Amino acid sequence: MRRFLFWALLCLLAGFLPSAAAQTSAQDSDPGYSLLETLNVDSYRDKGEAITAILQSDDERARGWLQALLDGRLQRTDDGRFVIVLNNTGRSWPVEDALSGEPLGEMSRRELDRIGINNALRNQLRSAIAVVDLYSPNVERRRTSADRLLGEVDDELFDTLTPLIEDAEDDYVRRRLIQAVAIYQTENGEMAGVEALAGSLHPRARVALNRATNAENPAVADAARAALASVEQNLKINRGVETLYFGLSLGSVLVLSAIGLAITFGVMGVINMAHGELMMLGAYTTWMMQQLLPGQPGLALMLSIPAGFLVAALAGIAIERSVIQFLKGRPLETLLATFGISLILQQLVRTVISPLNRTVITPEWMSGSLVINDALSLTLNRLFVMGFALLVFVALMLIMRRTRLGLEVRAVTQNRAMARSMGIRATRVDIMTFALGSGVAGLAGVALSQLTNVGPNLGQNYIIDSFMVVVFGGVGNLWGTLVAGLSLGVINQILEPWAGAVLAKIIVLVFIILFIQKRPRGLFPQKGRAAEG
Amino acid sequence: MSFFESLRERDRVFDFMTPQASTVDVRHGPILYMEDVTVSFDGFKAINKLNLTIDDGELRCIIGPNGAGKTTMMDIITGKTRPNEGSVWFGSRHNLLKMNEPEIASLGIGRKFQKPTVFEALSVFENLELAMAADKRIFPTLTARMTGETRDRIEEVLTTIGLTELRFQPAGILSHGQKQWLEIGMLLMQRPRLLLVDEPVAGMTEQEMERTAELLTRLAGKQSVVVVEHDMGFVRSIARKVTVLHQGSVLAEGSMDQVASDPSVVEVYLGADDEEAA
Amino acid sequence: MTFQATSSRFWLARPFTERATQLFLGVLFAALLIVTVLHVAVPQGSALHVNAYTVNLFGKYLSYALLAVAVDLVWGYLGILSLGHGAFFAIGGYAMGMYLMRQIGDRGTYGDPVLPDFMVFLNWDSLPWYWLGFDMAWFAFAMVLLAPGLLALIFGFLAFRSRVTGVYLSIITQALTFALMLAFFRNEMGFGGNNGLTDFREILGFNLRSSDTRLGLFLASGVALALGYVLCRAIVTSKLGRVCVATRDAEARTRFIGYRVERFQLFVFVVSAMLAGVAGALYVPQVGIINPSEFSPLFSIEIVLWVALGGRATLYGAVIGAILVNYAKTVFTGVMPDAWLFALGGLFVLVTVLLPKGVAGLFSHLRRRDSTYSREASA
């Protein structure tokens, strides 16, 4: 198959070269050298042959050579070496070896001899370069090459590409080629192109259709309008999905940051204003891990999950033992004291590390995005954070429902005195609960380090939102936190394009303030006697 | 007759001048009337089709095992909890289900909580002053002045509850029994028509109990009193009529002896109680 | 603390019969007098001379003290920990700022006779409706009271009606001020966005940069503090004050003896918000700027610390706390700015854990050790 394509291309290039295919002699150790050496002829015909030969060679460097040749940067030194000029401004030019790619320092233009081309060759080269990757054995490269063709097709390429469509092995490449050709046709006001573009989400396709609505042929213009309408419809759906995705992503961040708070607030009635700073500690742990393991951001991130949990949990225990245990039953004082702690932690990070933001590297397997179609691609890091949030939620649910600690925690929540008299050490439960809630904050920080800047203010930015989520969801109810977090995230994203980011946030805050008036105990209130306490 | 014409009739007392407190209509007998009241918390029926009638001036004791719905019943009467079904009337004019706590309180229903709740930061005297029947809106409260009459009234109640000596002490330093009395005293200051008393003798000494019994019996007649109590001895000492609640509805009603001999009551309550005692 | 029931005097006159209030007013007016004398009569260069900068600084402290008194009224006596009082302070400040902006007239950079500079800069062609009337002092000064009062009325009505109390109320008051901060940061709001309102020139015709005007503002702050203090004192010594304390300690019980708790809470909350607004209005001409940072949750929670440090439910404690903390802040930020947040954070922890009754608690503790605790029945 590829062989056939190859021959097709060969014929194209050889179209005005009646001579037979060039034969290459591999005298030099690098077969590339002899390929290039064939370019070193005066006749443009022979040069054409040489170009064909280079294309034939399947040499990975071919594309670079052809591009350089087109740009006039492929040159020959006096001693017969081929170099590529990297920058041909000024007196002496930095060059690299055309074969090995090694930099060769600077050379004066007098030492170099340009391999000249004429207009005919220039056109051939352009077409050849555009399609050269379509023959690559690498599927990915073929696909990117096909992507690049959208909207770039001109008369010559059109002739080149049309026969190739039938023969494209890869489905994706074929669809792209069809689109590329259709865009060209549409721009020329041809009906066939408009029909082929209906339902295509690529922005170039939309540009072409838009232009076609002014086509001379009224039928074509109408068809273009209809196609455009269906495209818009399709885009709307995709935009909706995207909004939902961003909303759920923001929501899962809110859930992550609020769920630890829900535990400490719900179980112990403790308002921990330093919760955001515990998240900050988690994020800085990730940064620290990456400093300790340079070059392995992925491993560092994986290790940060337990480490972040541990660091934040230990900090939590320290806070509980040093302050909160003395303020039992005085929630408002606890709020003030933990706020003081949050100030100290922030300033500590500013003094010890830096007041500036730190960059946490996103490992390769988490960067990039999942492409669904031309209008919709989901960034991987957000997807990971969503999965992580869900995992943390399920884990917490299991801890609360299935473990001894969970049972004791629920007992202490409902009736402290009774739980104590049944032999539950309420103090120990308090410490464990607080450590758990703080640890989860640390996990949230690890996750956040993948989405935002890690700085001393990281916690502050999330604390009010987190409280809103807990209050909205209903205190002491993990499900409520999940539903509240996700729905607030989605609401925020729906409002954002319509109202702007800041106004959206204000609207959400006002909404919650009003909601609390209507249902003071949140979405999922605790009922019965326990709630009165 | 138009409103303006009616203004000229000087021998007539206008509607808006009629004192609010005397609007409780007890001509038909009962001062409190509860019919088919049901409350459920998450599907659990704390009160299940409860019917209860309290006559004007009656002293009624309500007993029942834990979870029988005694406290919830009081919550409904005072407006703290809204029933899912049923009707609650105060006299034959006031539908209590349409009112909030302060409105019900100013109609003349006073409540003493299970756990004594007095205002601990305020003095005994001030506790009584706040409870006193008066115009309880904001500005009258802000500009309120102490008159000789109100002081006499407070002193009178102080004597009744035996806290005259302690009247300038903060209520927080009172003993448990003294707090119970102060709370009853606060109810008296409200001049209620109906007093709801939740476990008035819990944690009291024998002597304090006797005094409380005496206090409650003295109140009955002028006011209607409903006492919820666990202590059988105390109930026996004051009760004329006893209602037994079980699983949110009335199980039996009658004199203490009648109730005590009812086999179903013995089974669910007294029986179990006796076993525990044995 | 003495326990006395309602006296038979007129409610506003009651505070003047109290020893504590007499002492407070005496100390306050003595301080105002001393500063004035040291500023005006003692020549510059003398070690005792108080310069205009310091007078200005003291004036700022006094407006903060009034704000603290307002917070103590709701927190100390009503048990409502408002983490949003900075919002009322800032709104009062903005009302004053709008008046001062209009007083600039055509002397601004762009020389527009009506529009403030930032509106010209944003290419607005007319004043938004809510700026109308602020060129008149009486209107602006009325708004200093009414705007925060109205916000408190609406917010409080909704919150107290549905019995949102305790930490829930604290959290949503914080959300309120946070939302307002975000809103005021927006240029579209018409309050100068990020930069706020500044470059003021004169107030009631007096040049704001002259030291006489500054002394006047300082004295006005002192008098406002005295009036605010007496008003709060009159409220807390009335029967209404005792209803507040009763609500704070046993809300349900207060309802059952027939008080509409939510209305009392609303009344006191609104009064407190108005006092905070006045404090803001006095603060703005003295610092020369009002911007959205006054809405920041950090500032609101800091006010609570002043009250906690001074001692809750004493009113004079709030004044002491506000002055102490802000003096410390001035000193710290001048000498070692990095240490200030450590100190502030540490103060939060120390006060709540070790000094729950604040400095005022220490005073009464010492006094009680000196003299036997006697209580007269002066009912």
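Reader: What makes the hairpin of strand 9 of chain B and strand 10 of chain B stand out in its phi values, and which residue takes the positive phi?
Author: Gln247(B) takes a positive phi near 50 degrees, in a hairpin with two residues between the strands. Please bear in mind that this is a predicted model, in which local features need pLDDT of at least 70 and side-chain atom pairs count only at pLDDT 80 or more, while totals for chains, interfaces and linings use all residues. Residues are numbered from 1 along each chain as its sequence is written, with chains lettered from A and ligands numbered from 1 in the order in which they are written.

Reader: How do you know that strand 9 of chain B and strand 10 of chain B pair?
Author: Two strands pair if DSSP finds at least two bridges between them. Strand 9 (residues 241–246) and strand 10 (residues 249–254) of chain B have five bridges, in the antiparallel sense, so they count as a pair. In this ladder, His246(B) stands opposite Ser249(B). Strands here are DSSP runs of E, at least two residues long, and helices are runs of H or I, at least four long, both numbered from the N terminus. Chain B has 11 helices and 10 strands.

Reader: Why is the pairing in the sheet 6-7-8-3-9-10 of chain B called mixed?
Author: Strands of a sheet pair either parallel or antiparallel, through backbone hydrogen bonds. This open sheet of six strands is mixed: strand 3 (residues 59–63) and strand 9 of chain B pair in the parallel sense over four bridges, whereas strand 9 and strand 10 of chain B pair in the antiparallel sense. In the parallel pair, Arg60(B) stands opposite Lys241(B).

Reader: What makes strand 6 and strand 10 of chain B the edge strands?
Author: Strand 6 (109–112) and strand 10 of chain B each pair on one side only.

Reader: What about the sheet 2-1-4-5 of chain B: which strands stand at its edges, and why is one side of each left without a neighbour?
Author: Strand 2 (44–55) and strand 5 (94–95) of chain B stand there, and each has a single partner strand, so one side has no neighbour in the sheet. This is an open sheet of four strands with antiparallel pairing. Strand 1 (residues 30–41) and strand 2 of chain B, for instance, pair over eight bridges, with Ser40(B) opposite Lys45(B).

Reader: Why is helix 2 of chain B called largely enclosed?
Author: Seven of its eight residues are buried, so helix 2 of chain B is largely enclosed by the rest of the structure. A residue is buried if 20 or more other C-beta atoms, placed from the backbone, lie within 10 Å of its own, exposed if 12 or fewer, and partly exposed in between. Lys70(B), Thr72(B), Met73(B), Met74(B), Asp75(B), Ile76(B) and Ile77(B) are the buried residues of this helix. Just after helix 2 of chain B, Gly79(B) takes a positive phi of about 90 degrees.

Reader: How do you know that Lys518(A) is exposed?
Author: Lys518(A) has 8 C-beta neighbours inside 10 Å, and therefore counts as exposed. Its place is in helix 21 of chain A.

Reader: What makes the crossing of helix 11 and helix 15 of chain A left-handed?
Author: A crossing is left-handed if the near helix is turned anticlockwise from the far one by less than a right angle, and right-handed if clockwise. Helix 11 (residues 218–268) and helix 15 (residues 380–402) of chain A have axes that come within 9 Å and cross at roughly 40 degrees, and helix 11 of chain A passes helix 15 of chain A in the left-handed sense. Axes are lines fitted to C-alpha atoms, for helices over the stretch in contact, and angles run from 0 to 180 degrees between N-to-C directions. Residues that make the contact (C-beta atoms, placed from the backbone, within 7 Å) include Leu248(A) and Ile259(A) of helix 11 and Val385(A) and Leu396(A) of helix 15 of chain A.

Reader: Which residues does Leu305(C) contact, leaving aside its neighbours within four places in sequence?
Author: Leu305(C) is in contact with Leu336(A), Val325(C), Leu347(C), Phe348(C) and Val351(C).

Reader: And how many residues does the contact take from chain A and chain C?
Author: The contact takes 34 residues from chain A and 38 residues from chain C. Helix 14 (331–352), helix 19 (458–473) and helix 21 (501–518) of chain A give two or more residues to the side of chain A that touches chain C, and helix 14 of chain A gives the most, with 14 residues.

Notes. Contact = placed C-beta atoms within 7 Å.
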